Amino acid sequence: MKYHIAKNNEFIIIKISGQPKKNEALQVKSILSSYLKKRGIRVIMDLKELKKFEPITLLGVLNGMRKEIDLLGGCLKLCSLKLETLNYFKENRMDQFFNIYEDEESAKKSEWKNYGKR
């Protein structure tokens, strides 16, 4: 997978594209660790360009990210999930662990946790 990262004062937007590789969860930690340092960080992961849905790989990546962000008192939101991915999340109750939005704009406009911000 490829990670296109845009950072501004309010959010970090991570657009994931391409196909998952083996050990993707380990690779993503090294790629994104330099961005995940600020307390109260707000991250939106846009999955619109994800080519192939592989549940175990994707959940490994997302769960690792969620844990890192939670430790910083931040918030992770997912957006632009394809129907197959969204259905999988709902069927397996993963939508209880991840905030899921239709698109990037609705994720930005939604309410954000702000514990950890100073």
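Helices and strands here are DSSP runs, a helix (H or I) having at least four residues and a strand (E) at least two, and they are numbered from the N terminus. I keep in mind throughout that this is a predicted model.

**Entry 1, S80.** With those elements in hand, I looked up S80 and found its place in the loop between strand 4 (75-79) and helix 3 (83-91). Is S80 buried or exposed? Its relative accessibility is 12%, and because buried means under 20% relative accessible area, S80 counts as buried. I then listed the contacts of S80, leaving aside its neighbours within four places in sequence, and obtained D46, L47 and K48 together with Y101, E102, D103 and E104. D46, L47 and K48 fall within strand 3, which spans residues 42-50, and Y101 falls within strand 5 (99-101).

**Entry 2, the sheet.** Those contacts led me to the sheet itself, which is open, has 5 strands in the order 1-2-3-4-5, and shows mixed pairing. Strand 1 (2-7) and strand 5 (99-101) stand at the edges with a single partner strand each, so one side of each is left without a neighbour in the sheet. I noted that neighbouring strands of this sheet are turned by 25 degrees against each other on average, direction ignored.

**Entry 3, strand 3 and its partners.** How do strand 2 and strand 3 pair, and over how many bridges? I found that strand 2 (residues 12-18) pairs with strand 3 (residues 42-50) in the parallel sense, over 6 bridges. Following single residues across from strand 2, I traced K15 to its bridge partner D46 in strand 3, and S17 to its bridge partner E49, also in strand 3. Strand 3 and strand 4 likewise run parallel, joined by 5 bridges, and here I44 has K77 in strand 4 as its bridge partner. On burial, I recorded that 7 of the 9 residues of strand 3 are buried, so this strand is largely enclosed by the rest of the structure.

**Entry 4, the loop after strand 3.** I next compared two residues of the loop between strand 3 and helix 2, namely K52 and F53. K52 is partly exposed, with a relative accessible area of 42%, whereas F53 is buried, at 14%. What does each residue touch, not counting residues up to four places away in sequence? For K52 the list is G18, Q19 and P20, while for F53 it is L58, E84, T85 and Y88. For each of them I also looked up one C-alpha separation: K52 and P20 are 32 residues apart in sequence and 7.2 Å apart in space, and F53 and Y88, 35 residues apart along the chain, are separated by 9.8 Å.

**Entry 5, the largest pocket.** Finally I turned to the largest pocket, in which about 160 Å³ of space lies. Its lining is made by 10 residues, and those nearest the centre are V28, K29, G64, M65 and E68. Which elements give two or more residues to this lining? I found helix 1 (24-32) and helix 2 (55-71), and helix 1 gives the most, with 5 residues. Sorted by class, the lining has 6 nonpolar, 2 polar and 2 charged residues.

Note on methods. Residues are numbered from 1 along each chain as its sequence is written. This is a predicted model: local features need pLDDT of at least 70, side-chain atom pairs count only at pLDDT 80 or more; totals for chains, interfaces and linings use all residues. Side-chain values use heavy atoms; hydrogens and water are left out. Two strands pair if DSSP finds at least two bridges between them. Axes are lines fitted to C-alpha atoms, for helices over the stretch in contact, and angles run from 0 to 180 degrees between N-to-C directions. On a 1 Å grid over the protein atoms alone, a cavity is a set of points where a 1.4 Å probe fits but cannot get out, and a pocket is an open set with protein on both sides within 12 Å along at least five of seven lines; lining residues have an atom within 4 Å of a point. Grid points are joined across faces, edges and corners, and a volume is the space filled by probe spheres set on the points. Ala, Val, Leu, Ile, Met, Phe, Trp, Tyr, Cys and Pro count as nonpolar, Asp, Glu, Lys and Arg as charged, and the others, Gly among them, as polar. Buried means under 20% relative accessible area, exposed over 50%, partly exposed in between (1.4 Å probe, protein chains only). Contact means heavy atoms within 4.5 Å.
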